[in-house]
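Open the model in your viewer and set it to a cartoon view. Keep the selection tool at hand.

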Amino acid sequence: MNTKKSSSPSEHSEISSEQLIGDFKALMADAEALIKATASHEDGAIAAVRSKASETLANAKEKLSMLEGPLVDRAKVMAQGTDDFVHRNPWEAVGVAAGLGLLIGLLIRRH
């Protein structure tokens, strides 16, 4: 079983960044599908909204492509820093993990 649990802030940041980028890409794909689905409606209001949505979507794609690389790079650097810390201080990492596990276990038991 290959389950990876995030226990450090840097790993959490990496996962959150990747999830946010994935969610945003899915949202853009859904918006494109909606724009294509309404292409047959030539009414003035719908056409204007579709045009504005297309323009906003193009701008969002451009901004995402500019931010994606540095964001992923930063997350990788943070994950590497955490990995280095764990390798230099394995017993501290085990202690922190055990303490967090105990705390989470106590919180779950109360609920």
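The stops below go from the whole chain to single residues.

**Whole chain**

Start with everything selected. This is a predicted model. Colour by secondary structure: the protein has three helices and zero strands. Read from the N terminus, the order is α-α-α. Now switch on the surface. About 8800 Å² is exposed, and carbon and sulfur atoms supply 63% of that area. Of the 111 residues, 14% count as buried. For a contact map, take the contacts with a separation of 6 or more: residues 24 or more positions apart account for 65% of them.

**The nonpolar core**

Which residues form the largest nonpolar core? Select I21, M28, I35, L57, A60 and L64; these six residues make it up. Colour them by helix. Helix 1, residues 9-37, and helix 2 each supply at least two residues of this core. As a general point, nonpolar side chains in soluble globular proteins tend to be buried together.

Stay on A60 and show its neighbours. Leaving aside residues up to four places away in sequence, A60 touches F24 and M28. M28 is also one of the six core residues.

**A58**

Move to A58, still in helix 2. Is A58 buried, partly exposed or exposed? Its relative accessibility is 45%, so A58 counts as partly exposed. Draw a distance from A58 to M28, C-alpha to C-alpha. The viewer should give 9.3 Å, for two residues 30 apart in sequence.

**The loop at H41**

Next, select H41. H41 sits in the loop between helix 1 and helix 2. H41 counts as partly exposed because its relative accessibility is 40%. Show what surrounds this residue. H41 touches I46 and R50, with residues up to four places away in sequence not counted.

**Where helix 2 meets helix 3**

Last stop: select residues 44-88 for helix 2 and residues 90-110 for helix 3. Two packed helices are described by the angle between their axes and the distance between the axes. Here the axes come within 5 Å and cross at roughly 105 degrees. That makes helix 2 roughly perpendicular to helix 3.

Which residues make the contact? From helix 2, show F85, V86, H87 and R88; from helix 3, show P90, E92 and A93. Colour this set by class. The contact has four nonpolar, one polar and two charged residues.

Technical notes. Residues numbered from 1 in each chain as written. Predicted model: local features only at pLDDT ≥ 70, side-chain atom pairs only at ≥ 80, totals over all residues. Heavy atoms only, no water. Axes fitted to C-alpha atoms, helices over the stretch in contact; angles between N-to-C directions. Helix = DSSP H or I, 4+ residues; strand = E, 2+ residues; numbered from the N terminus. Parallel < 35°, antiparallel > 145°, perpendicular 65-115°, else oblique. Contact = heavy atoms within 4.5 Å. Nonpolar A, V, L, I, M, F, W, Y, C, P; charged D, E, K, R; others polar. Core = buried A, V, L, I, M, F, W, Y, C linked by side-chain atoms within 4.5 Å. Buried < 20%, exposed > 50% of the residue type's maximum accessible area, 1.4 Å probe, protein only. Areas by Shrake-Rupley, 256 points an atom, 1.4 Å probe, with all protein chains shown as cover.
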